[in-house]
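Grab a coffee and work through the exercises below. Each one sets a task and then walks you through a solution.

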Amino acid sequence: MEERSSRLFRFPNGFELLVVPDRHAPVLALDLWVRVGSACEGPDGAGMAHLVEHMLFKGTARRGPGEIAREAEGVGGEINAYTSFDHTVYTLTVASRFAGMGLDLLADAAFGSSFDPAELDREKQVVIEEIRRGRDLPQLRLSRLLFERVYTRHPYGRPVIGREETVAGFTRDQCLGFVSRWYRPGNMTLVACGDARPGRLAERVAALFGTRGRSRRPRGAARPREPMPIAFRARFEAADVSEVYWNLAFPGPAASHPDVAALDVLTTIVGQGEASRLQHRVKMERNLVRSVGAGAYTPRDPGLIHVAAVAEPELAGDGFEAVCEELFRLAREPVGQSELDRARRNVEADFVYQKETVQGQAQKAGFFHMVLGSVAAEEAYLAALQRVDARAVQRVARRYLRPDRAVLVALVPRASDGAWSEAAAAGGIDRAAATVRPARPGRGRRSGPVRRVLSAGTRVVLKVNPQVPVVAVRAALLGGTLREPADRAGAFHLLAAALTHGTRGASVFQLAQRVDAVGGSLDGFSGRNSYGLRAEFLARHLGEGLDLFTEVLCHPTFPDEEVAKVREDALAGIRLRRDNPASYAFRELEALLYGDHPYGRDVLGTPDAVAGLEARVLRQLHRAALRPDRLVVGVAGAIDPERVCAALEAALAGLAPTGELPPLPALPWSSGRPRARHVEAPTEQAHVVVGFPGTDLMAADRYALRVASGVLSGQGGRLFRRLRDEQGLAYAVTSTCVEGLHPGYVTGYIATAPDNTGAARDGLLQEFERLAEERVPRDELARALRKLVGGFEIALQENQAQAAHMALDELYDLDGCDLGAYARGVLAVTADDVLAAARQYLAPDRASVLVLGPAPS
């Protein structure tokens, strides 16, 4: 579908009309999309969007209950509606000669529904019966159970249809309030596909929809980000079924992610059609399942990759293990060209077949426009589909089909006598992963990182480097500034500093002696997103070093007198921040950018909060954070991987965490909020920092933003050349790019004479603006790419750096086994990517400016 074949009209009141002409038949499909679905509801409002969808056909001021459907059917039309997590859609297909009547029906339903109390009571009962019916259908019941298990925080975990108790309690006033908030012209798009002249249709739509009063698109509550699973999870329920029904899912990307095309090819290869691997190898050759299929669900927010199967109870376990073997094989073995070609053809064919009807075209156009922003996204997707090769399929298989992220739900017959259980499924997936796992490295050779998952769920990433007899260990846990409420700011920094100040069996002095005895170092660390423990020691002391490391990690005592000392050091560190003007300026910029968000606070904390942090608080916090299934350990050096894993397994046995971490805060901003502040300080220079809201560690365009910053930084970068060499404004000038689990920022920094503050500020802003206006020349791009990759690879030489990188990447679900991911991501960035990222993130109206220095004269 080409962009030029469609026309988008936006009316003064915000209502949109998307027209896709197709005059091969005198038929017109009219789909009214409303930007509201069940994910917009709170827990107490579960099912409201779906109930309102039902009620829009139950009478208006002009038409009685059922008359809308009867009028549509009276001219041979088809009318229906559906609610999803993100949208509500009303569909009407009529002969094009009845287009005017069809438009009037939709407008009357959308803006004139009466919500008669008696009709509402009846319809609530209809929906409740629909909910009950879903519990009787194994596939529906299993689907709802799967989403509840996959989405533990995100609203996708709540059923679209709602729950009996919420639906039963809805009132007419609540329904009208919901409609008033969400059913506004500015929150709607009408997709018209078929026999229509765009201009003439737009005139009709303007009269019916475009005069309803101007309205802004409503803002929904921020949706919490779903934490990535860190260990296999299973949930089995007994049911009145004769076969075992099971669904297996892995967290997947959102519709806008560049991996979607490759995932569609992957799921087609593995589980769609008679020639798919699961159908051929698991069902037909081995007869282990009754039915099996796979797919990728990619909605507005991150979705999932899923496999569904039905099997005889006595074969369910074997069938599940066989399915998992085929899934994990995709990450190890490249697919053949014939399979690849078949899958691409089949995915493309689905698009072609949808174009046979105007209903199919309208549905597809609506999806691409509403979810991806333009019908042209379809062509972009099809182009990406043709670029999918065997390496791309293998890459997404490695990224998404990971056993430690799998979620399994199953309905088993009540009389099956435990033929297949949750524990058996866990064993099956482990055996399947081991079957296709790469060979384990030996002690005498260098190897790439490997991942092991201990019995308690701890992930260990190991890399054998036998050249130097040194071992580096890094234990990482989620925490840091991001998990600190304002009244406990600095808690994780204090915790990390106090970790090595005493255990059940050793004082701080005795620990220091033991560290010296293994020829190493041991200390805690804390940052914006995580905290933990790091150590380095001679390889010949591997056993003693690991014992010392795990003792400090698992059994710190945080003695009151030692915590008091560490607290005083922390308070002194906060005071000393002001002694370094550059560091002080960056801290003030973070406060300016982030406001009340934790990233706006110093990692060291605030004086008032730190002064109130007692030893008991640190003990409670560490016990809550130190859960084996949330722990990641990176180990690099001259090691025996099996010995390391055995030591960690023994040390973590019986670890019993208590409590929960503080919840994640809301995201800091949905758009740039430009601000300016001057902080007076008795400095010789003015320290100018301009900052832009950036992106997070999971974003596909983070590499492009890094490269954009790289173009500006360094002695060969634009800022140095233009502002120092050419204009002589400064000695120190640079750019930085920071990401996190929440969005980070990009900055430009310059220290200049106070009289040059304005020129320095304007010079920084102009260079960022240039990035958003013109493509970076080839030589500058190449310099930035080489600088970033070279610096990364140089920094990664040491075992400690490798252990840290592996542990933190694994903790943040970036695949700690893939040390080459950063270099590949950077080297793949093009000048067009940099331009697009700069336009999105580095536009002048997103810039905030912090000046630290003498008061303006």
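**Exercise 1: helix 25 and its partners**

Find the residues that join helix 25 to helix 28, then work out how the two helices cross.

*Solution.* Start with the contacts (heavy atoms within 4.5 Å): from helix 25, Arg-706, Val-707, Gly-710 and Val-711 touch Glu-780, Leu-781, Arg-783, Ala-784, Leu-785 and Leu-788 of helix 28. Sorted by class, this contact holds 6 nonpolar, 1 polar and 3 charged residues. The classes go like this: Ala, Val, Leu, Ile, Met, Phe, Trp, Tyr, Cys and Pro are nonpolar, Asp, Glu, Lys and Arg are charged, and the others, Gly among them, are polar.

Next, the geometry. The axes of helix 25 (residues 702–712) and helix 28 come within 9 Å and cross at roughly 105 degrees, so helix 25 is roughly perpendicular to helix 28. Axes are lines fitted to C-alpha atoms, for helices over the stretch in contact, with angles from 0 to 180 degrees between N-to-C directions; 65 to 115 degrees counts as roughly perpendicular, under 35 as roughly parallel, over 145 as roughly antiparallel and the rest as oblique.

Now repeat the job for helix 25 and helix 31.

*Solution.* Helix 31 spans residues 831–841, and its axis lies 8 Å from that of helix 25 at an angle of about 90 degrees. That makes helix 25 roughly perpendicular to helix 31 as well. Here Ala-704, Leu-705, Val-707 and Ala-708 of helix 25 meet Asp-833, Val-834, Ala-837 and Tyr-841 of helix 31. The tally is 7 nonpolar, no polar and 1 charged. Notice that Val-707 turns up in the contact with helix 28 and in the one with helix 31.

**Exercise 2: cavities**

How many cavities of 30 Å³ or more are there, and what lines the largest?

*Solution.* The count is 2. A cavity is a set of points on a 1 Å grid over the protein atoms alone where a 1.4 Å probe fits but cannot get out, and lining residues have an atom within 4 Å of a point. Volume is the space filled by probe spheres set on the points, which are joined across faces, edges and corners.

The largest has about 40 Å³, and its lining includes Val-515, Phe-537 and Leu-548. Strand 16 (530–538) gives the most, 3 residues. The lining splits into 6 nonpolar, 3 polar and 1 charged.

**Exercise 3: confidence**

Where does the confidence of the model drop under 50?

*Solution.* Over residues 437–446. By contrast, the protein averages a pLDDT (the predictor's confidence in each residue, 0 to 100) of 90, and 98% of residues score at least 70.

**Ground rules**

This is a predicted model: local features need pLDDT of at least 70, side-chain atom pairs 80 or more, while totals for chains, interfaces and linings use all residues. Numbering runs from 1 along each chain as its sequence is written, and side-chain values use heavy atoms, leaving out hydrogens and water.

Definitions and conventions: Helix = DSSP H or I, 4+ residues; strand = E, 2+ residues; numbered from the N terminus. 1 Å grid on protein atoms, 1.4 Å probe; cavity = no way out; pocket = protein on both sides within 12 Å on 5 of 7 lines; lining within 4 Å.
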